[in-house]
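User: Hi! I'm new to reading structures and would love some help with the aromatic rings and the core in this one. Could we go through it together?
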Amino acid sequence: MKKYILDLTVRSIEKVHERYVLIKLTDERPLPPMLPGQFVEVRVDGSPTTYLRRPISIHFVDTKANELWLLVAAVGDGTRQLAHLQQGDTLNCVLPLGNSFTMPTKAGERILLVGGGVGVAPLLYFGHQIKQMGAEPVFLLGARSAADLLQLDAFREVGTVYVTTEDGSAGENGFVTNHSVWKLPMSDGDIGFSRICTCGPKPMMVAVAKCAQQLNIPCEASLENMMACGLGACLCCVEKTTEGNLCVCKEGPVFDTKKLWQ
């Protein structure tokens, strides 16, 4: 896909958690096509310690409103600076970058989307696109506590949402791999999943991939390696795969988990 460097305008910014903000960006012209799983590289202005762009997953694309949504975790100097943007500010973005999740091939498919932490970000747009194609997205979202669950209302507008929390304050107690939803494909093939897609902390994704392997269900993971350039030039995001060392920003960020973890 063609890449663009655009000065996008902040239409709104909302604090959705003490550490997360939802930034909605727009432009005078129609935004370019973007696929679920792709990301943008944003330039951070005004931070004396931030020299490189920051990779941010595409959270949602509202074509009617001509908006690009970014869910940003303010955890470092660069992302904390982004969290201080105001309505009307300009954010320079390189987009769209990377590959995408595999889309359903037929109506009626059920696809399980498993996310943890800010890793839930790319799953909203993916779920929306799955629904638009006549398939069924099922979300399994994990967090430490109820207070750490993000964008639940937005996800519920798209599909069925299951929740786990480590302290048991919402949904089922434990990790996402402990949820009873994993029993569905085993108990009744008619309600099984044709594919599993995941994004979040690496230990969670490895565990999800193992569950998928045990159930013989194809699985894709969106990796969150540090990606400074987004074009495969700087080599800081290289990941070891069965096909050799690959740049996550160019060959990914979405990979078949069989290429990553056996």
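User: Which residues do ring pairs link into a cluster?
Analyst: Happy to help! Keep in mind that this is a predicted model. The cluster is made of F60, W69 and Y125, linked by ring pairs.

User: Cool. How many aromatic pairs are there?
Analyst: The count comes to 4 aromatic pairs. Take F60 and W69: their ring centres are 4.9 Å apart and the planes meet at 50°, so this pair is called tilted.

User: And are F60 and W69 buried or exposed?
Analyst: Both F60 and W69 are buried.

User: What about F60 and Y125, how are those rings arranged?
Analyst: The centres of F60 and Y125 are 6.0 Å apart, and their planes stand at 80°, which is over 60, so the pair counts as edge-to-face. This pair links distant parts of the chain, with F60 in strand β5 (residues 60–62) and Y125 in helix α2 (residues 121–132), 65 residues apart. Y125 is buried, just as F60 is.

User: What lies over the face of W69?
Analyst: That would be K24, at 4.1 Å from the ring centre of W69.

User: New topic! Which residues have the most contacts inside the largest nonpolar core?
Analyst: L25, L68 and L70 do, in a core of 53 residues. Another core, of 32 residues, lies apart from it, and includes L112, V181, V248 and C249.

User: Back to L25, what does it touch?
Analyst: Leaving out residues up to four places away in sequence, L25 touches several residues, among them L8, V10, L31, L68, L70, L91 and C93. Its contacts also include T9, R11, N66 and E67.

Methods:
Residues are numbered from 1 along each chain as its sequence is written. This is a predicted model: local features need pLDDT of at least 70, side-chain atom pairs count only at pLDDT 80 or more; totals for chains, interfaces and linings use all residues. Side-chain values use heavy atoms; hydrogens and water are left out. Rings of Phe, Tyr and Trp (its six-membered ring) pair if their centres lie within 6.5 Å; planes under 30 degrees apart count as stacked, over 60 as edge-to-face and the rest as tilted. Buried means under 20% relative accessible area, exposed over 50%, partly exposed in between (1.4 Å probe, protein chains only). Helices (H or I, at least four residues) and strands (E, at least two) are DSSP runs, numbered from the N terminus. A charge sits over a ring if NZ of Lys or CZ of Arg is within 6 Å of the ring centre and within 35 degrees of the ring normal. A nonpolar core is a set of buried Ala, Val, Leu, Ile, Met, Phe, Trp, Tyr and Cys residues joined through side-chain atoms within 4.5 Å. Contact means heavy atoms within 4.5 Å.
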